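Grab a pen and work through these exercises with the sequence and the 3D view open side by side. Try each task before you read its solution.

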Amino acid sequence: MKRIASIAMLVVTVTAGMAGATALMRKNSAQAAPTQAVFRIQAPAFQASEVGKRETAVFAGGCFWGVQGVYQHVRGVSSAVSGYAGGDRENAKYAVVSRGSTGHAEAVKVTYDPRQVSYGQLLHVFFSVIADPTMLNAQGPDRGTQYRSALFPQSPGQRETAERYIAQLGKAGAWKRPIVTRVEPFKSFYPAEAYHQDYLTLHPDSAYIRRNDLPKVTALKATFPALYRSNPVLVSGPGTSSAKDR
């Protein structure tokens with residue numbers, strides 16, 4: 001019986017490993033991060049004024065699937081696009097960025113209505129449920145400079161808000177380790193390949209998504225109920241329900 005139980009356990013382990021190899025093998029590794037817990041930190045004490053009905057912000061917090069998936073569930077966000085920031089146009093391709101030598105970070109460009117959600121609130125979401133700001137050039141199971149935690153301000157006001165918030169969190173000692181999230185100059189943003197867009201919504205059964213990203217959406221709902229919306233705003237538009245792994 002012990003041998004049968006051992007064989008059964010081996011079969012389960014192998015099956016989990018095979019499931020983790022679907023879609024993109026690098027990201028669907030069976031070795032994934034633990035379930036995201038609800039983590040409450042201070043809201044920004046400072047928020048630069050924002051005028052108008054439409055603003056953009058760029059966030060890098062590891063694999064862009066999860067970053068995009070979370071922001072697509074935030075009220076006031078009209079668009080969240082996965083892409084690359086920090087490098088040059090000719091290198092803004094997944095196969096090249098994945099080498100970690102282009103200067104790019106996997107990032108998400110968020111378009112939002114500041115009358116409904118402020119940049120400071122988006123930062124609060126970022127540090128609460130999206131990224132671990134103490135991990136250097138890594139997030140969860142992913143390693144490399146392309147997975148760094150970084151902010152790319154689109155205006156002097158965003159830069160000041162971001163820098164002052166990081167200083168605030170550091171002074172509060174929210175984490176035992178120092179914050180390494182970088183505030184980087186914005187050069188350009190290049191949208192990622194089509195198969196990366198809306199990945200969390202289109203592939204909820206992916207081993208990587210289940211282990212690393214869906215818990216972040218759950219944490220968003222629990223931590224920010226007033227900002228959470230159940231129907232995500234998708235790049236592919238409303239009505240998209242499923243797609244095969246590419």
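Before you start, a word on terms: axes are lines fitted to C-alpha atoms, for helices over the stretch in contact, and angles run from 0 to 180 degrees between N-to-C directions. Helices (H or I, at least four residues) and strands (E, at least two) are DSSP runs, numbered from the N terminus. You're looking at a predicted model, where local features need pLDDT of at least 70 and side-chain atom pairs count only at pLDDT 80 or more, while totals for chains, interfaces and linings use all residues. Residues are numbered from 1 along each chain as its sequence is written, and side-chain values use heavy atoms, with hydrogens and water left out.

**Exercise 1. Lay out the sheet**

Task: in what order do the 6 strands of the open sheet come, and which are the edge strands?

Solution:
- Start with the order, which reads β7-β6-β1-β3-β2-β8, with mixed pairing. Two strands pair if DSSP finds at least two bridges between them.
- Next, find the edges: β7 (182-183) and β8 (189-191) each pair on one side only.
- Now step inward from β7. It pairs with β6 in the parallel sense over 2 bridges, and A150 has R182 of β7 as its bridge partner.
- Finally, add the helix that sits on the sheet: α2 (residues 64-71) touches β1, β2 (77-85) and β3, and its direction makes about 165 degrees with that of β2.

**Exercise 2. Zoom in on β1**

Task: how many bridges join β1 to β3, and how many join β1 to β6?

Solution:
- On the β3 side (residues 105-112), count 5 bridges, with the two strands running antiparallel. One pair to look up is V58 with K109 of β3.
- On the β6 side (residues 149-152), count 4 bridges, again antiparallel. Here G61 stands opposite S149.
- Then check the covering of β1 (residues 55-61): 6 of its 7 residues are buried. Buried means under 20% relative accessible area, exposed over 50%, partly exposed in between (1.4 Å probe, protein chains only).

**Exercise 3. Follow α4 past its partners**

Task: at what angle does α4 pack against α5, against α2 and against α7?

Solution:
- Take α5 first. Helix α4 (residues 119-130) and α5 (residues 156-172) pack at about 40 degrees, with axes 10 Å apart. That makes the pair oblique: angles under 35 degrees count as roughly parallel, over 145 as roughly antiparallel, 65 to 115 as roughly perpendicular and the rest as oblique.
- The crossing of α4 and α5 is right-handed. A crossing is left-handed if the near helix is turned anticlockwise from the far one by less than a right angle, and right-handed if clockwise.
- Residues in the contact (heavy atoms within 4.5 Å) include L123 and F127 of α4, and Y165 and L169 of α5. By class, the contact of α4 with α5 has 7 nonpolar, 4 polar and no charged residues. Ala, Val, Leu, Ile, Met, Phe, Trp, Tyr, Cys and Pro count as nonpolar, Asp, Glu, Lys and Arg as charged, and the others, Gly among them, as polar.
- Move on to α2. It packs with α4 at about 130 degrees, axes 11 Å apart, so α2 is oblique to α4. V67, V70 and Y71 of α2 touch L122, V125, F126, V129 and I130 of α4. That contact has 8 nonpolar, no polar and no charged residues.
- Finish with α7 (residues 207-223), whose axis comes within 9 Å of that of α4, crossing at roughly 125 degrees. V125, V129 and I130 in α4 meet K216, A219, L220 and T223 in α7, a contact that divides into 5 nonpolar, 1 polar and 1 charged.

**Exercise 4. Place F126**

Task: is F126 buried or exposed?

Solution:
- Locate F126 in α4.
- Read off its relative accessible area of 0%, so F126 is buried.
- List its contacts, leaving aside neighbours within four places in sequence: among them are F59, A60, G61, Y71 and T181.
- Check one distance: the C-alpha atoms of F126 and G61 are separated by 7.9 Å, though the two residues are 65 apart along the chain.

**Exercise 5. Compare two positive phi values**

Task: where do N137 and D198 lie?

Solution:
- Recall the background: most residues other than glycine have a negative phi.
- N137, with phi near 50 degrees, lies in the loop between α4 and β4 (138-139). At 25% relative accessibility, N137 is partly exposed.
- D198, with phi of about 60 degrees, is in the loop between β8 and α6 (199-202). D198 is buried, at 1%.
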